[in-house]
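Me: I would like to go through this structure and check the terms used for it against their cut-offs. Please give the reasoning each time.

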Amino acid sequence: QVHVAESGGGLVQPGGSLKLSCAASGSFFSINAMSWYRQAPGKERELVAIITSRTNTNYADSVKGRFTISRDNPGNTAYLQMNSLKPEDTAVYYCNVNYAPSTSSRYMHVIWGQGTQVTVSS
């Protein structure tokens, strides 16, 4: 089975930094993309950043210039470097992994991590 585990969350003051990690493990052929989402209480889950197998990236407007997504190569781990954190960044951050189970797979699979809490407060 494929598993995803996030780590690196915590409490930080406004203007501070955190680095989140997302590790994918198990049986799969390749990972096509890894994404970070976040969800605050009472809010919809939103896409924060995504990185593809070609290392193309995209960011939500609210985090551009502050957050950086990266991925190791070969890529089983993704990172989210968060700088200049704001109180509105407070949320549970989830890792989403889009992967191909085998060489013969015709469909991509998606799995979510359990989430890691990020709290930005003074």
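Me: Which residue in β3 does histidine 3 stand opposite?

Reply: Histidine 3 stands opposite serine 25 in β3. The model is a predicted one. Strand β3 covers residues 18-25, and β1 covers 3-7.

Me: What makes β1 and β3 a pair?

Reply: Two strands count as paired with at least two bridges between them. β1 and β3 have five bridges, in the antiparallel sense, so the condition of at least two is met.

Me: Which strands make up the open sheet, and in what order?

Reply: The open sheet has four strands in the order β1-β3-β8-β7, and the pairing is antiparallel. From one strand to the next the twist averages 15°.

Me: Why are β1 and β7 said to stand at the edges?

Reply: β1 and β7 (67-71) each have a single partner strand, so one side of each has no neighbour in the sheet.

Me: How do you know that β11 pairs with β2, and in which sense?

Reply: Strand β2 (residues 10-12) and β11 are joined by three bridges in the parallel sense. The cut-off is at least two bridges, so they pair. One of the bridge partners is threonine 119 in β11, which goes with leucine 11.

Me: And what joins β9 to β11?

Reply: Three bridges join β9 to β11, and these strands run antiparallel. That count also meets the cut-off of at least two, so β9 and β11 pair. Valine 92 has glutamine 117 in β11 as its bridge partner.

Me: Which residues form the covered face of β11, and which the uncovered one?

Reply: In β11 (residues 116-120) the covered face consists of Thr116, Val118 and Val120, while Gln117 and Thr119 form the uncovered one.

Me: Why is the contact of glutamate 46 with arginine 38 called a salt bridge?

Reply: The closest N and O atoms of glutamate 46 and arginine 38 are 2.8 Å apart. A salt bridge requires a side-chain nitrogen of Lys or Arg within 4 Å of a carboxyl oxygen of Asp or Glu, so the term applies. The structure holds four salt bridges.

Me: Are glutamate 46 and arginine 38 buried or exposed?

Reply: Glutamate 46 has 34% relative accessibility and counts as partly exposed, because that value falls between 20% and 50%. Arginine 38, at 6%, is under 20% and therefore buried.

Me: What parts of the chain does the pair of arginine 38 and aspartate 89 tie together?

Reply: Arginine 38 lies in strand β4 (residues 30-39), and aspartate 89 in the loop between β8 (77-82) and β9 (91-100), so the pair ties together parts that are 51 residues apart in sequence. Their side chains meet in a salt bridge at 2.9 Å, N to O. Arg38, Glu46, Arg66 and Asp89 are linked in a network of salt bridges.

Me: How do you know that aspartate 89 is buried?

Reply: Its relative accessible area is 0%, and buried means under 20%, so aspartate 89 qualifies. Apart from neighbours within four places in sequence, aspartate 89 is in contact with Arg38, Arg66, Phe67, Ser84, Val118 and Val120.

Me: What makes the contact of aspartate 61 and lysine 64 a salt bridge?

Reply: Their side chains meet at 3.1 Å, N to O. That is within 4 Å, so the definition is satisfied. Aspartate 61 has a relative accessible area of 65%, which is over 50% and therefore exposed. Lysine 64 is partly exposed, because its 48% falls between the two cut-offs.

Me: Why is glutamate 6 called buried?

Reply: Glutamate 6, found in strand β1, has a relative accessible area of 11%, and this is under 20%, so it is buried. Leaving aside neighbours within four places in sequence, the residues in contact with glutamate 6 include Trp36, Tyr93, Cys95 and Gly115.

Me: Which backbone nitrogens lie 2.7 Å and 2.9 Å from a polar atom of the side chain of glutamate 6?

Reply: The backbone nitrogen of cysteine 95 lies 2.7 Å from a polar atom of the glutamate 6 side chain, and that of glycine 115 lies 2.9 Å from one. Both distances are within the 3.5 Å set for a polar contact.

Technical notes: Residues are numbered from 1 along each chain as its sequence is written. This is a predicted model: local features need pLDDT of at least 70, side-chain atom pairs count only at pLDDT 80 or more; totals for chains, interfaces and linings use all residues. Side-chain values use heavy atoms; hydrogens and water are left out. Axes are lines fitted to C-alpha atoms, for helices over the stretch in contact, and angles run from 0 to 180 degrees between N-to-C directions. Buried means under 20% relative accessible area, exposed over 50%, partly exposed in between (1.4 Å probe, protein chains only). Contact means heavy atoms within 4.5 Å. A polar contact is a pair of N or O atoms within 3.5 Å; within protein, one must be able to donate a hydrogen and the other to accept it, and residues adjacent in sequence count only if both atoms are side-chain atoms.
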